[in-house]
Amino acid sequence: MSNEIDVKELKKSLFSEKKNAGALLCDDDINKADSFCENYKKFLDFGKTEREACSYSEKLARENGFVEYKSGMNLNAGDKIYRINRGKAIILAVIGTQDISQGINLCAAHIDSPRLDLKQNPLYEECEMALFKTHYYGGIKKYQWTTIPLALHGVIIKANGEKVEVCIGENDDEPVFCITDLLPHLAQDQMKRTLAQGIKGEELNILIGSRPFKSDDSSEAVKLNILKLLNEKYGIVEDDFISAELEAVPAFKARDIGFDRSMIGAYGHDDRVCAYTALKAILDCESPQKTACVVLTDKEETGSDGNTGLQSAYLKYFIADIAEALGAKPRDVISATKCLSADVNAAFDPTFPEVNERRNAAFINKGVVITKFTGARGKSGTSDASAEFVGEIRSLLDKAGIIWQTGELGKVDMGGGGTVAAYLANLNFEVIDAGVPVLSMHAPFEIVSKLDVYMTYRTFCAFMGV
Ligand code: MN
Ligand code: MN
């Protein structure tokens, strides 16, 4: 008998065990997590594109006492500042009491999500229907984007330079748009295509109208009618699409999932779930020891290239500006900086267990996922955090009583994916990935657990000393 108790004790002290946060947390903490997620759902609904997420973040920042930072401004401990990059990315910082040469604590998330961009000559009429041609952005399973309601968001720059903002399909009294698909009765050839080819890129055409303009000249009367409506509403002509960025995104709103309302279904959890939790953490940051910083970047889903992606110098320049304002050498600050690459990881899906290696997969409700490395095959394209830095983050999380787990994106040879971690590490930061496990990642409607969202927020708070 006594031997049996010893084994139990021994197992308890030696085995690794990750439990469901729903079983570990008290009701009070569960309620806090649930109410935290109410504002997260608003963030999702108001910020479906990088531009909208950026301006909504700016609004929240200003409401919380952050001011726009211009080069040359004096800085003091406790100052709360932000900088916008081209309306598509935002950096926020709270100046710490410690010498900034000791480094910054930075959280980096992205606010772009997979979607369908309109082509530069999008509008055409075929068989008296008007449609938009699209070019998908980021990694999508194309068949998922047909026969769902789509909204159109973005900007149009007119010939005179005027910027027109577009957001249509979000309010219940507004129309939505849709990509059609074949009826099963006539899909016998289509059904023989592979899933990847089931819907092809050039078949992602959005239906936008079908009623002709009444006139004697019957050619392209439906297209004419649409352009007339667009001209009345936005003052645009067909050529204005050339200088536009219009993004078709799912028109549905964030909703609770499950009888227990334990999860949230929404478009664009990847990566607005880490963007919001990091943003909220820095908004709650009063006077940290180390300077705290959050960057919400664009273009992660297409490889982080471009002047609003994290391969651009904009983050480095911002850090250099504040370093110089505080009398420090930029490269000392950069080299001492520690960073959480705040991005989602794949959650284990019991319907598709074969793609994961269970012992190293992330599960919903088991807390924030710490990912030591990303990449594909032999860790190609990863920064691979050091054991020392993983050890540091591990003890930080344990001390703060945060529920966390490790995760690896699928089986070794199954595929893979990267985050901005590698680009940040290339600047000479210490970097590790931390974020929320997501079901159906990159689908028009992704799922996360509310408790994981809250644990991720608490992770960013602990990391930035909130
Ligand atoms: Mn992501
Ligand atoms: Mn992604």
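**Close-up 1. Who holds the manganese ion (ligand 1)?** The protein donors of the manganese ion (ligand 1) are His110 through NE2, Asp270 through OD, and Asp343, which is listed twice through OD. These atoms sit 2.1 to 2.5 Å from the ion. Keep in mind that you're looking at a predicted model. If you walk along the chain, the donors follow the spacing H-x159-D-x72-D.

**Close-up 2. Asp270 works as a bridge between two manganese ions.** On one side of Asp270 is the manganese ion (ligand 1), and on the other is the manganese ion (ligand 2). The two ions lie 3.3 Å apart. Now look at where two of the residues come from: His110 belongs to strand E4 (residues 104–110), while Asp270 belongs to helix H6 (residues 269–283). They are 160 residues apart in sequence, so this pair ties together distant stretches of the chain.

**Close-up 3. Are His110 and Asp270 buried or exposed?** His110 has a relative accessible area of just 1%, so it counts as buried. Asp270 comes in at 3%, and that makes it buried too; the cut-off for buried is under 20%.

**Close-up 4. Val67 and its contacts.** Here we move to strand E1, which covers residues 67–68 and includes Val67. Val67 is partly exposed, because its relative accessibility is 43%. Skip the neighbours within four places in sequence, and Val67 is in contact with Met73, Lys80, Ile81 and Tyr82.

**Close-up 5. How far apart are Val67 and Leu14 in space?** Going from C-alpha to C-alpha, it's 50 Å. Along the sequence, Val67 and Leu14 are 53 residues apart.

Definitions and conventions: Residues are numbered from 1 along each chain as its sequence is written. Chains are lettered from A and ligands numbered from 1 in the order in which they are written. This is a predicted model: local features need pLDDT of at least 70, side-chain atom pairs count only at pLDDT 80 or more; totals for chains, interfaces and linings use all residues. Side-chain values use heavy atoms; hydrogens and water are left out. Helices (H or I, at least four residues) and strands (E, at least two) are DSSP runs, numbered from the N terminus. Buried means under 20% relative accessible area, exposed over 50%, partly exposed in between (1.4 Å probe, protein chains only). Contact means heavy atoms within 4.5 Å. Donors are N, O and S atoms within 2.8 Å of the metal (3.2 Å for Na, K and Ca); water is not among the atoms, so sites may look incomplete.
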